[in-house]
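Let's take a walk through this structure, starting at the ligand and working outwards. Keep the 3D view open and rotate along as we go.

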Amino acid sequence: MKRRGGYLLSVGLERRRVLAAGLATLATGVGWSGPSRCDGAETEPLRKLAAEKGLIYGTTISAAQITGDHEFVDLVLRQAGLVVAENDMKWSIMNRGTRGDDDYGPADTVAAFALENNLALRGHNLLWHHRTPSWYFKLNARSELERAIVGHIQAMVGRYRGMVHSWDVVNEPIEPKDGRSDGLRNGVFLEKLGPDYLDLAFQTARETDPAARLVVNDYDLEFDTPEQETRRTTLLNLLERMQRSGTPVDVVGIETHLSCAGGPPFSASRLRRFLAELAGLGLTIQITELDVTDENAPADPVVRDSLVADAYSRFLDAALDEAAVKMVVTWGLSDRHSWIVRQETHEAKWRSDGVPSRPLPFDPDLKPKPACEAIAHAFANAPGRAPG
Ligand code: XIL
């Protein structure tokens with residue numbers, strides 16, 4: 001039998017345990033009878049525990065963190081086998097306002113960091129409706145619209161050719177709520193070019209760097225709700241259509257932005273089934289943006305950390321059973337640098353009481369949290385697989 005997380009039977013139970021055990025124990029391994037895997041003498045970095053099972057573990061980083069937060073960089077180098085630029089490779093972030101005027105500086109910093117430190121690199125992302133430069137929206141002629149996409153993909157994929165393990169070629173292409181029969185998102189690329197933009201993007205990426213794995217990355221695929229079931233079916237249909245028409249797609253990226261309390265119901269068997277269906281298409285699977293927010297959890301950090309850890313356990317214990325899952329990336333490593341703590345977008349995930357969120361494996365002081373233990377144990381208990 002697989003050893004389960006079991007961080008928390010109930011908040012009440014946990015509170016009693018907290019009183020009995022004392023905070024010191026909690027900081028290094030809530031609920032585990034075995035040794036702490038994230039702190040102390042037994043410590044093994046997450047990347048090593050992952051690699052032993054054929055998995056790659058990674059985190060986001062930014063050029064600003066690389067140059068400005070050496071303490072954090074040390075933690076990344078110790079824990080991660082892969083990095084992904086959180087924002088520095090996004091088109092509208094790089095673009096300075098006019099066509100062709102892209103600043104590669106921060107993206108180069110992240111790529112060089114990966115290369116120098118022998119870390120794998122994810123490319124995130126080539127096309128995303130949310131981060132498309134404003135000048136693109138003003139183009140009208142089909143040939144120009146296509147030329148701009150092709151030019152951007154060739155520039156990015158070409159510049160980092162041979163360095164990128166996987167490219168998110170198209171980010172978040174589905175949105176069944178937009179009402180199309182194919183469930184595709186009615187974003188800028190679809191509106192301007194129709195569904196063919198997907199093929200153009202993937203073909204261009206493949207031609208430019210044949211060794212990079214090409215990814216469709218999307219969200220809200222993890223929970224047991226009718227809406228997410230529709231999203232899963234839509235994504236499966238899209239991938240099947242792409243394969244039938246010879247569009248070169250290798251990987252499905254499942255973002256996995258979870259909430260630890262008050263969120264939709266989770267079904268391990270439903271998730272396993274979905275992952276098996278993806279694997280049945282011959283695709284590999286990457287968990288690309290894992291984090292667990294605590295917007296509905298009590299303020300007490302001990303209780304929150306336990307709930308967050310429990311959500312990591314439940315998700316990873318189910319997901320890692322699927323041998324086609326080859327990578328787990330958390331969307332940050334420490335609560336010191338998290339988009340949710342910074343309160344940039346997705347207001348529904350922010351806490352309303354002014355208390356900082358605690359969504360990641362390490363706390364703002366870079367100390368391991370129960371979430372780190374949860375991830376470490378999920379890796380240690382996962383079945384082995386061929387790396388991919
Ligand atoms: C987020 C970044 O983390 C934030 O810093 C930024 O303000 C918005 O984008 N899905 C994705 C990621 O694919 O690129 C997003 O990253 C989070 C949701």
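Start with the company the ligand keeps: sorted by class, its shell holds 8 charged, 4 polar and 3 nonpolar residues. Bear in mind that this is a predicted model. The shell counts 15 residues, and Glu86, Lys90, His124, Glu289 and Glu344 are the ones that come nearest.

Now zoom in on the polar contacts. Glu86 has a side-chain N or O atom 2.4 Å from an oxygen atom of the ligand. Glu289 does something along those lines too, with an N or O atom of its side chain 2.7 Å from a ligand oxygen. For a ligand nitrogen, look at Glu255, where a polar side-chain atom lies 3.3 Å away. And how much of the ligand's accessible area does the protein cover? On its own the ligand has 420 Å² of it, and the protein covers 95%.

So where are we, in terms of empty space? Rolling a probe the size of a water molecule over the atoms shows where empty space is left. The ligand turns out to sit in the largest pocket, whose volume is about 590 Å³. Its lining takes in 27 residues, and nearest the centre of the pocket you'll find Glu172, His257, Trp339, Thr345 and His346. Two strands, E3 and E7 (257–259), are the elements that give two or more residues to this lining. By class, the pocket lining splits into 12 charged, 10 polar and 5 nonpolar residues.

Next, leave the pocket and look for closed-off space. Searching the whole structure turns up 1 cavity of 30 Å³ or more. The largest cavity holds about 70 Å³ of space. Its lining is made of 13 residues, with His129, Pro173, Arg185, Phe189 and Tyr197 closest to the centre. Strand E3 (120–128), strand E4 (166–171) and helix H10 (188–193) each give two or more residues to that lining. Which of these elements gives the most? That's H10, with 3 residues. As for class, the cavity lining has 8 nonpolar, 3 polar and 2 charged residues.

You've now met E3 twice: in the lining of the largest pocket and in that of the largest cavity. Stay there for a look at the backbone. Most residues other than glycine have a negative phi, and most peptide bonds are trans. Two spots here are worth a click with that in mind. One is the peptide bond between His124 and Asn125, which is cis, with omega at about -10 degrees. Asn125 belongs to strand E3, while His124 is one of the residues that come nearest the ligand. The other spot is Asn118, which is not a glycine yet has a positive phi of about 60 degrees. You'll find Asn118 in the loop that runs between helix H7 (105–116) and E3.

Technical notes:
Residues are numbered from 1 along each chain as its sequence is written. This is a predicted model: local features need pLDDT of at least 70, side-chain atom pairs count only at pLDDT 80 or more; totals for chains, interfaces and linings use all residues. Side-chain values use heavy atoms; hydrogens and water are left out. A residue is near a molecule or strand if one of its heavy atoms lies within 4 Å of it. A polar contact is a pair of N or O atoms within 3.5 Å; within protein, one must be able to donate a hydrogen and the other to accept it, and residues adjacent in sequence count only if both atoms are side-chain atoms. Accessible areas come from the Shrake-Rupley method with a 1.4 Å probe; for residues, only the protein chains shown count as cover. On a 1 Å grid over the protein atoms alone, a cavity is a set of points where a 1.4 Å probe fits but cannot get out, and a pocket is an open set with protein on both sides within 12 Å along at least five of seven lines; lining residues have an atom within 4 Å of a point. A molecule sits in a cavity or pocket if more than half of its atoms lie within 2 Å of its grid points. Ala, Val, Leu, Ile, Met, Phe, Trp, Tyr, Cys and Pro count as nonpolar, Asp, Glu, Lys and Arg as charged, and the others, Gly among them, as polar. Grid points are joined across faces, edges and corners, and a volume is the space filled by probe spheres set on the points. Helices (H or I, at least four residues) and strands (E, at least two) are DSSP runs, numbered from the N terminus.
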